[in-house]
Amino acid sequence: MGSVATRTPDHRGANGAFVIDSVSKAIIEQLQEDGRRPYAAIGKAVGLSEAAVRQRVQKLLDQGVMQIVAVTDPLTVGFRRQAMVGINVEGDIEPVADALAEMTEVEYVVVTAGSFDLLIEIVCEDDDHLLETINKRIRTLPGVRSTESFVYLKLRKQTYTWGTR
């Protein structure tokens with residue numbers, strides 16, 4: 001593994017996606033288990049020095065390959081209502097997707113193929129906040145033709161460990 005640690009193995013492939021070597025994947029897995037794990041401990045687990053781990057992590061962050069964030073449970077911080085919203089758009093999808101991405105309630109925006117043009121997840125304080133967000137802000141965006149809401153009753157699984165499969 002020594003030669004792997006001395007070169008810069010992560011690069012963009014022919015399709016523009018980053019190609020990440022097994023050592024960087026192992027570092028990502030370590031951070032997915034515990035985002036506060038010390039670089040020295042990660043280095044020991046993956047066979048690199050603390051400095052080499054620090055460099056790799058910074059490169060992965062700079063390239064946008066990963067983020068290190070605190071993930072909260074919305075219910076414990078005052079957000080009692082989550083929903084997935086399917087949206088159909090007339091015309092160009094991009095301006096609608098961009099406007100949705102700017103809304104603080106919107107956690108993610110996905111352009112899809114299928115029954116909906118866009119899928120978004122929204123997190124709101126309560127049902128009134130959800131209604132206001134969908135009815136007054138999302139449905140009034142130019143180009144939005146229709147919405148269908150899927151209100152979350154119970155969250156059974158939410159993980160972020162799929163990043164290196």
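## Exercises on a predicted fold

In this predicted model, strands β4 and β5 form an antiparallel pair joined by 5 bridges.

**Exercise 1. The β4-β5 pair.** Find which residues of β5 stand opposite Val110 and Val111, and which residue between the strands takes a positive phi.

Solution.
- Step 1. Start at Val110. Opposite this residue, in β5, stands Leu119.
- Step 2. Move on to Val111. The bridge partner of Val111 is Leu118 in β5.
- Step 3. Follow the chain through the hairpin. There are 6 residues between β4 and β5. Gly114 has a positive phi there, near 135 degrees.

**Exercise 2. The sheet.** Place the β4-β5 pair in its sheet: in what order do the strands lie, and which strands are at the edges?

Solution.
- Step 1. The sheet is open and has 4 strands. Their order is β4-β5-β3-β6, and the pairing is antiparallel.
- Step 2. Look for strands that pair on one side only. These edge strands are β4 (106-111) and β6 (144-151).
- Step 3. Add the twist. From one strand to the next, it averages 20 degrees.
- Step 4. Add the helix. α6 lies across β3, β5 and β6. Its direction makes an angle of about 140 degrees with β5.

**Exercise 3. Two polar side chains in the sheet.** Decide whether Gln82 and Glu121 are buried or exposed, then list what each one touches.

Solution.
- Step 1. Locate the residues. Gln82 belongs to strand β3, and Glu121 belongs to strand β5.
- Step 2. Apply the cut-off: buried means under 20% relative accessible area. Gln82 has 13%, so Gln82 is buried. Glu121 has 13% relative accessibility, so Glu121 counts as buried.
- Step 3. List the contacts, leaving out residues up to four places away in sequence. Gln82 touches Pro74, Glu121, Ile122, Val123, Phe150, Val151 and Tyr152. Glu121 touches Gln82, Ala83, Met84, Glu105, Val106, Glu107, Tyr108 and Tyr152.
- Step 4. Check one distance. Glu121 and Val106 are 15 residues apart in sequence. Their C-alpha atoms are 5.8 Å apart in space.

**Exercise 4. The nonpolar cores.** Work out which residues of the largest nonpolar core touch the most other members, and which elements each supply at least two residues.

Solution.
- Step 1. The core has 18 residues. Ile87, Val96, Leu100, Leu118, Ile120, Ile122 and Ile138 touch the most other members.
- Step 2. Assign the core to elements. β3 (81-89), α5 (93-101), β5 (118-124) and α6 (127-138) each supply at least two residues.
- Step 3. Find the separate core. This second core has 13 residues, among them Val23, Ile42, Leu48 and Leu60.
- Step 4. Take one residue, Leu100. Leaving out residues up to four places away in sequence, Leu100 touches Ile87, Val106, Val109, Leu118, Ile120, Ile138 and Leu141.
- Step 5. Compare with the general rule. In soluble globular proteins, nonpolar side chains tend to be buried together.

**Exercise 5. Two helix pairs.** Determine how α3 and α2 pack with α4, and which residues make each contact.

Solution.
- Step 1. Take α3 (residues 39-46) and α4 (residues 50-62). Their axes are 8 Å apart, at an angle of about 100 degrees. Angles of 65 to 115 degrees count as roughly perpendicular. α3 is therefore roughly perpendicular to α4.
- Step 2. Name the residues. From α3 come Tyr39, Ala40, Ile42, Gly43 and Val46. They meet Glu50, Val53, Arg54 and Val57 of α4.
- Step 3. Sort them. This contact of α3 with α4 has 6 nonpolar, 1 polar and 2 charged residues.
- Step 4. Take α2 (residues 22-33) with α4. Their axes come within 11 Å and cross at roughly 85 degrees. That angle makes α2 roughly perpendicular to α4.
- Step 5. Name and sort again. α2 contributes Val23, Ser24, Ile27, Ile28 and Leu31. α4 contributes Val53, Arg56, Val57 and Leu60. The classes are 7 nonpolar, 1 polar and 1 charged.

**Exercise 6. The whole chain.** State how many helices and strands there are, and what pattern they follow along the sequence.

Solution.
- Step 1. Count the elements: 6 helices and 6 strands.
- Step 2. Read along the sequence. The pattern is α-β-β-α-α-α-β-α-β-β-α-β.
- Step 3. Check burial. Of the 165 residues, 33% count as buried.
- Step 4. Check contact range. Consider contacts with a separation of 6 or more: 60% of them join residues 24 or more positions apart.

Terms used:
Residues numbered from 1 in each chain as written. Predicted model: local features only at pLDDT ≥ 70, side-chain atom pairs only at ≥ 80, totals over all residues. Heavy atoms only, no water. Axes fitted to C-alpha atoms, helices over the stretch in contact; angles between N-to-C directions. Parallel < 35°, antiparallel > 145°, perpendicular 65-115°, else oblique. Contact = heavy atoms within 4.5 Å. Nonpolar A, V, L, I, M, F, W, Y, C, P; charged D, E, K, R; others polar. Core = buried A, V, L, I, M, F, W, Y, C linked by side-chain atoms within 4.5 Å. Buried < 20%, exposed > 50% of the residue type's maximum accessible area, 1.4 Å probe, protein only. Pairing = 2+ DSSP bridges.
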